[in-house]
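Here's a quick tour of one helix pair and one sheet. Have a look at the model first, then read on.

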Amino acid sequence: MKTKIRISIFTLLVMLFTVSSGVSAQESVNTLDECIRLAMENNLTMKSGKISIERAKDLQGTAFNIEKTSFSLSQDPTSGGSPDNSISLSQSFDFPTVYTTRSKLLKAETNLERSNLEVTRNELVKEITGTYYQLLYAKENIKILQEQDSIYSKFLFLASAKFKAGETSRLEQMNAERLYNENKIELQKAEKDYQNVQLILQRWMNAEVSVNPLEAELPVMAANYPFNNFSAEQTPMGRVFQSQKEVSEKNLSVVKQGYLPSFNFALKNQFLIKGFNPYDVERERFNKGNFMGFEVGVNIPLFFGEQRAKTKAAKREVEIARVQQEEVVQAMQKQYQTYINDFYKAKNSLDYYTSQGIAQADDITRISQVSYEKGEIGYVEYIQNLKTAVEIHLQRTNAVNDYNQTIIMLNYIQGNK
C-alpha cells in the first residue's frame, strides 16, 4: 500500500513539473534589445529584403552580357574548294562603354535594395519598440487596477461590516460591491489587452512564444535633444529616394549608349568533306592545305527615331524621380514638425502628472480611506474620491505612453536605432 502511495505522489510530481515546464516554454522574458535582435533574425520581411540584395548582386554578373558565339559548318557541293566550303566562328559585341555603363546601373540597383532593407529595418525597430512599450503600458494598467482591487475589496469589507452592524444601509454595500465588480471587469479587459499586444509583438518577431517585458514598470524614455538638426535626405527613407534617382540617372546613361555602334568579327577556315562530292567537282588543286580568312564589321545605327523616344522617356523617369524625392523630403519635414508638436504636448501633460497629479492622487486615496473609516465622509464621496484617484493614475500612465510613443516616432523618422 505504501509503495502505491509513493508511486502516485511521484507520478503527480512529474505531471506538475511537466505542466509547469510546458507553460514556461510558451513565454519568455526579454529586454527590448533582445526583441529587436530576434526580430532582425526571424522577421520574414527582413529575410526577403536580404534575399533581394543577394539577387541584385547576382544580377551584376549580367553587365557583360556578350551575345552568343556563332559556329557554323558550310559545304557547297558545286563550288569545289571555294570559301563557301568552310568552318566559321563569328562573334558580335557592343561598344565597350555599354558594359561599364550597364555595370554601374546594376550596382545602383543593388544600392537601392540595400536602402530598401534599411527602411525595413528602421520600420521594424519602430514597430518592435512601440509595441514593447505598449506592452509595458498595458502591464502598468493591470498593476494599477490590481492595486485598486485591493482598495475596493477593503471598501466592500467595511461596507459589509457596517451593514451587518446596522450602521449603514444596504445601498452602501451594494455600491461597494458594484465598484469592486466593475474594477474586476476592467482588470479582465486590461489583461486581454495585454495578451493582444503580446500577439502583435510575437507577430513582428515571428516568434513561437509570447514575450513578457523585463521591466517591472513603465519607464520614461530619454529624448534625443536637440530637435533642430533634422535632415530628411540623411534618413533611411530619404536615401531610398536618392537611390531611386541614381538608378533612373544610370538607366538614362545606358539608354544613351544605344546611339553607339556595335562590332562583329568572324574567323573562317576552308574545309572540304572528302566523302561528299555528288557532282564530281575536281578538287585536287585545293589539296595543299586549308586557308584561314577573317571578317570584321561595324553595325552603325542610321535611324534614331526609336532611340530618341527611349532617351526622352528615360529623361522623364529622371525628372519623375527628382520630383518624388522633393515631395518626400517636404512631407517628411512636415511630419517631423508634427511629431515635435506631439512631443511637447505629451511632455507638458507628463510634467503635470509627475510633479503634482500622482502626489494628489495618493493623498486623495489616503485621506479618503482614513476619513471614511472614521465616518467623516459618506460612501458616496468616498467612491467619487476613489474613482478620481484611479483616473489620475491611469491618465498619468497614458501620458507616459503618449510621451514614449512620440519619442519612438521621432527616432523612427530620423532613422535612430
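H2 and H4 are oblique to each other, because their angle falls outside the bands for roughly parallel (under 35 degrees), roughly antiparallel (over 145) and roughly perpendicular (65 to 115). Their axes come within 10 Å and cross at roughly 140°, with axes being lines fitted to C-alpha atoms over the stretch in contact and angles running from 0 to 180 degrees between N-to-C directions. H2 passes H4 in a right-handed crossing, meaning the near helix is turned clockwise from the far one by less than a right angle.

Here's who touches whom, with contact meaning heavy atoms within 4.5 Å:

| Helix | Residues in the contact |
|---|---|
| H2 (residues 32-42) | Leu 32, Cys 35, Ile 36, Ala 39, Met 40 |
| H4 (residues 96-165) | Arg 121, Leu 124, Val 125, Ile 128, Thr 129, Tyr 132, Tyr 133 |

That contact splits into 10 nonpolar residues, 1 polar and 1 charged.

A word on the source: this is a predicted model, where local features need pLDDT of at least 70, side-chain atom pairs count only at pLDDT 80 or more, and totals for chains, interfaces and linings use all residues. Residues are numbered from 1 along each chain as its sequence is written, and side-chain values use heavy atoms, leaving out hydrogens and water.

Now the sheet: 4 strands make an open, antiparallel one in the order S2-S3-S5-S6; strands pair if DSSP finds at least two bridges between them. S2 (70-74) and S6 (292-299) sit at the edges with a single partner strand each, so one side of each has no neighbour in the sheet. The twist averages 15° from one strand to the next. S5 (residues 262-270) is joined to S6 by 8 bridges, and Asn 264 stands opposite Gly 297 in S6.

Definitions and conventions:
Helices (H or I, at least four residues) and strands (E, at least two) are DSSP runs, numbered from the N terminus. Ala, Val, Leu, Ile, Met, Phe, Trp, Tyr, Cys and Pro count as nonpolar, Asp, Glu, Lys and Arg as charged, and the others, Gly among them, as polar.
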